[in-house]
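Trainee: I should like to learn how to read a protein structure step by step. May we go through one together?

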Amino acid sequence: MSAAIAIVLIGGSPSAGGRRLSALAGLVVAVVVAVFGARMLLDGPLASSTTPDGWSIAACDVGQGDALLVRSAGEVALIDTGPEPEPLAECLRSLGIDRIDLLVLTHFDLDHAGGVEALQGRVDDVVHGPIGERGDERTLDRLADGGATVTLAVAGMRGEVGGAEWKVLWPQRAVAAFPPGNDLSVVVEFGGGAVPRSVFLGDLSAEAQRMLLRTAHIRGAFDVVKVAHHGSADQDAGLYEALSPAAALISVGEGNDYGHPRTEILAILDAVGAHVLRTDLQGRVLLAEREGELQVWTEE
């Protein structure tokens with residue numbers, strides 16, 4: 001594994017070459033790279049160790065699956081668990097996380113809910129997508145047996161994790177167009193409390209993404225988007241244009257059989273000026289917001 005680095009992104013007005021990029025004063029590491037036709041320096045407090053403090057969003061490297069953390073004022077939300085308990089448990093250990101204040105199970109496919117065993121007795125609240133099978137009910141029962149409060153997610157639901165606010169954008173109540181699963185994945189937005197404005201898109205297909213765009217009344221650019229369905233080809237360019245993310249997280253397994261992330265979504269992200277961060281190439285990814293700057297640390 002290569003040395004940890006931090007990428008400092010300055011969130012300014014978008015330009016023809018993407019968002020404005022720069023670096024902090026007081027440089028520690030003087031490595032210069034070209035991104036979006038601009039130059040920036042790799043440096044900053046997140047680069048000081050293999051488990052840096054100060055992060056607010058983390059994408060765990062769990063292979064072909066999702067497990068993403070949001071942290072604010074000492075409280076933690078986890079969006080999905082990855083396919084197996086041990087990679088999630090290792091990520092939580094390395095980041096010093098003992099308890100999850102909010103668990104969002106976007107849907108119950110193995111690559112999103114297979115690691116739940118690592119959380120037994122460690123979760124306060126669970127919000128989840130629609131139940132499709134008896135096995136989904138058993139997963140929720142185990143969490144409830146461990147002391148968690150379990151609630152079905154619907155658009156408009158909201159709450160707080162530390163100083164950050166979260167809001168469910170999808171699914172709408174009683175959506176009949178899709179069965180439980182990918183297209184009824186819970187989509188949740190976070191922001192405030194030192195957390196960059198971010199949205200996590202589950203496994204939505206292009207059709208569901210278009211419905212989300214019509215119903216969620218998205219306003220203004222996002223700092224971070226978790227790309228839908230590990231970067232599949234089935235994406236709606238209009239949604240990503242509306243979100244206008246500075247950074248795009250793709251949680252994906254190295255050498256996966258699906259060809260994720262596909263060239264179609266990479267082209268969409270390039271067109272909207274998003275800096276792509278991939279767990280298959282970069283391992284665990286941590287992000288922090290400081291004085292309007294988005295800082296990014298990667299393992300590889």
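The following exchange treats the overall make-up, one helix, a sheet and some ring contacts.

Mentor: Please note that this is a predicted model, in which local features need pLDDT of at least 70 and side-chain atom pairs count only at pLDDT 80 or more, whereas totals for chains, interfaces and linings use all residues. Residues are numbered from 1 along each chain as its sequence is written, and side-chain values use heavy atoms, with hydrogens and water left out.

Trainee: How many helices and strands does the secondary structure of the protein come to?

Mentor: Helices (H or I, at least four residues) and strands (E, at least two) are DSSP runs, numbered from the N terminus. Counted in this way, the secondary structure comes to seven helices and 20 strands.

Trainee: What percentage of the 300 residues count as buried?

Mentor: A residue is buried under 20% relative accessible area, exposed over 50% and partly exposed in between, with a 1.4 Å probe and protein chains only. Of the 300 residues, the share that counts as buried is 54%.

Trainee: Why do the buried residues of helix 1 lie on the same side?

Mentor: An α-helix has 3.6 residues a turn, so residues three or four places apart point the same way. In helix 1, residues 85–94, the buried residues are L88, A89, C91 and L92. The arc is taken from the directions from the helix axis to the C-beta atoms. These residues lie on the same side of helix 1 because they cover an arc of only 160°.

Trainee: Which strands do these buried residues of helix 1 pack against?

Mentor: Contact means heavy atoms within 4.5 Å. The buried residues of helix 1 pack against strand 7 (68–72), strand 8 (75–79) and strand 9 (100–105).

Trainee: Which strands stand at the edges of the open sheet of seven strands?

Mentor: Two strands pair if DSSP finds at least two bridges between them. The open sheet has mixed pairing and the order 12-13-14-15-16-17-18. Each edge strand has a single partner strand, so one side of each is left without a neighbour in the sheet; the edge strands are strand 12 (158–161) and strand 18 (275–278).

Trainee: Which residue in strand 18 stands opposite A247?

Mentor: Strand 17, residues 247–250, runs parallel to strand 18, and four bridges join them. Opposite A247 in strand 18 stands H275.

Trainee: At what angle does helix 4 run to strand 13?

Mentor: Axes are lines fitted to C-alpha atoms, for helices over the stretch in contact, and angles run from 0 to 180 degrees between N-to-C directions. Helix 4 (residues 206–216) lies across strand 13 (164–170) and strand 14, and its angle to strand 13 is about 120°.

Trainee: Why is the pair of F190 and F200 described as edge-to-face?

Mentor: Rings of Phe, Tyr and Trp (its six-membered ring) pair if their centres lie within 6.5 Å; planes under 30 degrees apart count as stacked, over 60 as edge-to-face and the rest as tilted. F190 is buried, with a relative accessible area of 1%, and F200 is buried, also at 1%. Their ring centres are 5.9 Å apart, and the pair is edge-to-face because the planes stand at 90°.

Trainee: Which residue lies over the face of F222?

Mentor: A charge sits over a ring if NZ of Lys or CZ of Arg is within 6 Å of the ring centre and within 35 degrees of the ring normal. At 3.8 Å from the ring centre of F222, the residue over its face is R197.
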